Amino acid sequence: MKKIISLIVLSLFSTTLFAGEFPDISIKELQKAIKDGKVAVIDVNGAGSYKKGHIPTAISFASNGKELAKHLPKDKSTLVVAYCGGPGCSAYKRGASAAAKLGYKNVKHLSAGISGWKRSGADVAKKKLSFRLFCQRAPPGALFYFSPAYRGEIISRASLISFLSVSPK
């Protein structure tokens, strides 16, 4: 009788211990889902890592975690995949748990993380430089360039084109 009770207690304990885990998805499965447009991907590595390289279409949890619902599809049956640095990292649970709390039913984990993604040779996206041009504030012949690096410096069109390495049309 003691053995039966011990087995029941052990099974209940192990069930609650692993209840917060999310099933794994392979890199190939994720690549196919991205190609088919049937997945929302959450990067939980932090803003710096996200800028250096992330899985294409991934949402930065560091930047958008508080407003995650705005960035995820309305369909709660959509596949949502969270990832972090690699197999030894558990930070993905923050993003996966946040999606689950929002009611998403198909939440998975890319255990390979960004390190495995890069090792596999898969495409990596980098955060693009964002800027705004405010021509109304600039003197004639100049453009107002706003970015964290330049903080509103007034520069010429030629300098902006040179900086962006884009030829004028």
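Trainee: Okay, helices here are DSSP runs of H or I with at least four residues, strands are runs of E with at least two, and both are numbered from the N terminus. What kind of model is this?

Mentor: It is a predicted model, where local features need pLDDT of at least 70, side-chain atom pairs count only at pLDDT 80 or more, and totals for chains, interfaces and linings use all residues. Residues are numbered from 1 along each chain as its sequence is written, and side-chain values use heavy atoms, leaving out hydrogens and water.

Trainee: Cool. How many salt bridges does the count come to?

Mentor: Three, taking a salt bridge as a side-chain nitrogen of Lys or Arg within 4 Å of a carboxyl oxygen of Asp or Glu. In one of them, Lys-93 meets Glu-21 at 3.2 Å, N to O.

Trainee: Which parts does that pair tie together?

Mentor: Lys-93 sits in helix H6 (residues 92-101) and Glu-21 in the loop between helix H1 (2-17) and helix H2 (27-36), so the pair links parts 72 residues apart in sequence.

Trainee: And where are Asp-36 and Lys-32?

Mentor: Both are in helix H2, four residues apart, so about one helical turn separates them. Their side chains form a salt bridge at 2.7 Å, N to O.

Trainee: Switching topic: is Lys-32 buried or exposed?

Mentor: Exposed, at 53% relative accessibility; the cut-offs are under 20% relative accessible area for buried, over 50% for exposed and partly exposed in between, with a 1.4 Å probe and protein chains only. Its partner Asp-36 is partly exposed at 38%.

Trainee: What about Glu-67 and Lys-70?

Mentor: Those side chains meet in a salt bridge at 3.7 Å, N to O. Glu-67 is partly exposed at 40%, while Lys-70 is exposed at 66%.
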